[in-house]
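Good morning, colleagues. Please have the display open in front of you, as I shall refer to individual residues throughout.

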Amino acid sequence: MAIFSIRKSHRRRYVILFLSLACFIIYRHFRGPTVKIRINRSLGLRMNSSQFTLGGKPFRILGGSLHYFRLPRAYWKDRMVKMKACGLNTLTVDVPWSLHQPEKGELRFQGGLDIESFLHLAAEVGLWVILRPGPYIGSDLDLGGLPSWLLRDREMMLRTTYPGFIAAVNVYFDKLIPKMVPFQFKKGGPIIAVQVENKYGSHARDGNYMPFIKEALHERGISEVLLTSDDHEGLTYGGVQGALRTINLQKMNHDDIRYLETVQPNSPVLVMELWTGRSDGWGGLHHSLPAEDLVAVVREILRRGMSFNLYMFHGGTNFGFMNGALANPSYKALVTSYDYDAPLSEAGDYTPKYHLLRDLLGNFNSETLSEMPGIRWKEEYEAAILFQHLSLWDALPYTHEPFKSQFPVNMENLPVNNGNGQAYGYTLYETTIIRGGSLKSGHNIRDRALVFVNQSFIGIFHHKNVELAVPDGKEKRTLSLLVENCGRVHYGKDMDNQRKGIVGNILLNHTPLRDFTIYSLDITTDFIDSLYRAPWKSVPNKPSFPGFFQGRLFVNGYPSDAFMKLPGWSKGVVFINGQNIGRYWDAGPQQALFLPGPFLNSGMNQVIVFEEAEADFKIQFEDSPDLGMTVDI
């Protein structure tokens, strides 16, 4: 009996010990932030002559850029944890005005645009944050993240103190900045610095503009340290009194650093954008920066006692029509992938850059790095057969009400979307002609137009092709121009001239065309959803183009990521369950579109493709990316 009593006593102790341990684990798991940093919150990020301090202690910014709007919300934490495991301590995030306020009314902060939840996650993972709220952010986005409805004002001067621009900024900041204030370091949050605008030195049109933006941030409650960010050429004119100037670069140029120290002596050096790669343009090659080159620059930065932010740590994807475009040396729209040759690939996989950086930063950090999370499975799904067809002309009844005008009207000034105009997609312009001859665009097509006579294709207008021959004919015929906004320029001094569609006269035999019927084809999710009522037909032997093609993708079990390939297709846009995955184009370099698992359902998934000219009627799914032929930077 005594032995039994002792064993029973031991058993009780083991049960109590087990329950205590279980409660501790549950508490650690559900208590919120997993990293509690004891730090003096009254002392934010400060600068002395050679280094930063945070909470009164020496601090080095080891940062990386991550865009919440370029990846599914379900993957936010995965990318942050991988950032932390790489040895970085700071996340830099840009806020796209254009996506948060697509119309002048209420701003959107739900779903994939819930920046407050994004900041909560950053704090939970244990990352500090540098906030870049704009209003202009660049970031290779359409119009640099500025909303296109600003261009409805013919006198608009973006990024200046022009009254129309300033009034819009004030409305935007009135909604955004109060949401950011509680996340500041001194209020217990992760934000240690806020950037004023972005690369203004390359624009520099208005000496009063940067002081205005700085004051707009301060008066709405921003109290953390302010930064500006410029390339070498912009350092002189891009700064503002009271904000730390930082520099952007890719290769270590000692002259750049010396110039920054001349312009701003006795301050620590922060490379705000250390470019890990470069964005790609349609018709070009995929750009790659050798991993050894990037790591050599980071090693030199650390040796010099400087701080850095990797742009990008993880690029993500230009879902929908959000991509920007380059203006110089000539117009070139950016591709859908924003892989950027970053340390973490478009799909969130580790690259040689990641491993080399982790080794370097692991030796630099005094703390042991956290374990690297596992990578996500990629699935080779069965090909989706697109068995239904809907011609563009049969889809027109499901667009916005057509608009009649004597003169052509650009997208932004069309009377659609509650008076905000059209931001993205295509616009169809139709008029009547009674003769053939020479049709000239005069560079008034922005950016690319498929041209038809009585719905028969006759050619393409683009930046390098500005003249077409219209077949002879004396009867009345319909001339149609389907114009695509391929992406607004996101950088430089040409941004005021980024109106899309037809922006001036189109001449037939030197006579301007008049009396247009205009259809806005922004191809939104609502439009795609409305097509269930359209007269879809089985795909004929010779379907008409442009057109929509519909099929199904079956997913067995939990959905995984995949890459979509469209060999035999020409140019268009893919929609999965109504979600715009992005553009494809056989011009390359990108050959496969990233399809995140969270966009799929277990079971049947709707696939719709809008194709301009040629179709193979099936989509292939692979487990690896194909960004095209590569060239080293």
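I shall speak about confidence, then the domains, then the strands, and finally some backbone details.

This is a predicted model, in which local features need pLDDT of at least 70 and side-chain atom pairs count only at pLDDT 80 or more, while totals for chains, interfaces and linings use all residues. Residues are numbered from 1 along each chain as its sequence is written, and side-chain values use heavy atoms, with hydrogens and water left out.

Let me begin with confidence. The term pLDDT denotes the predictor's confidence in each residue, from 0 to 100. For this protein the mean pLDDT is 94, and 94% of the residues reach 70 or more. Over residues 1-10, however, the pLDDT is below 50, and this stretch has 0 contacts in the model beyond near neighbours in sequence; a contact means heavy atoms within 4.5 Å. Residues 23-36 also have a pLDDT under 50. For residues 23-36 the model has 9 contacts beyond four places in sequence.

I turn to the domains, whose bounds come from an automatic or database domain assignment. Domain 1 covers 61-278 + 338-364, domain 2 covers 384-390 + 526-632, and domain 3 covers 407-514. How many residues does each side bring to the contact between domain 1 and domain 2? Domain 1 gives 6 residues and domain 2 gives 8 residues. The C-alpha centres of these two domains lie 33 Å apart.

Between them, domain 1 and domain 2 bury about 590 Å², with 71% of it on carbon and sulfur atoms. Buried area here is the accessible area (1.4 Å probe) that two parts lose on being put together, summed over both. Which residues of domain 1 supply most to this area? Pro-72, Tyr-75 and Glu-346 supply 66% of the area that domain 1 buries against domain 2, more than any other three residues.

As for polar interactions, the count of salt bridges between domain 1 and domain 2 is 0, a salt bridge being a side-chain nitrogen of Lys or Arg within 4 Å of a carboxyl oxygen of Asp or Glu. Across the same interface the rule finds 1 residue pair in polar contact, with both residues at pLDDT 80 or more. A polar contact is a pair of N or O atoms within 3.5 Å; within protein, one must be able to donate a hydrogen and the other to accept it, and residues adjacent in sequence count only if both atoms are side-chain atoms.

Next, the strands. Helices (H or I, at least four residues) and strands (E, at least two) are DSSP runs, numbered from the N terminus, and two strands pair if DSSP finds at least two bridges between them.

Strand β15, residues 384-391, has several antiparallel partners. With β29, residues 547-555, β15 pairs over 5 bridges, and Gln-388 stands opposite Gln-550 there. With β28, residues 537-538, β15 pairs over 2 bridges; in β28 the bridge partner of Gln-388 is Ser-538. With β35, residues 618-622, β15 again pairs over 2 bridges, where Ile-385 faces Lys-618.

An open sheet of 4 strands follows the order β22-β18-β25-β26, with antiparallel pairing. Its edge strands, each pairing on one side only, are β22 (467-470) and β26 (511-512). Strand β25, residues 507-508, is joined to β26 by 2 bridges, with Leu-507 opposite Pro-512.

Strands β20 (448-453) and β21 (456-461) run antiparallel and are joined by 5 bridges, and Val-451 has Gly-459 as its bridge partner in β21.

Finally, the backbone details. Most residues other than glycine have a negative phi, and most peptide bonds are trans. In the hairpin of β20 and β21, which has 2 residues between the strands, Asn-454 takes a positive phi near 50 degrees. Asp-515, which is not a glycine, has a positive phi of about 60 degrees, and Asp-515 lies in the loop between β26 and β27 (516-521).

Where are the cis peptide bonds that I wish to show? One runs from Gly-134 to Pro-135, with omega near 15 degrees, and Pro-135 lies in the loop between β6 (128-132) and α5 (163-180). Another joins Gly-588 and Pro-589, with omega about 10 degrees; Pro-589 is found in the loop between β32 (579-585) and β33 (592-595).
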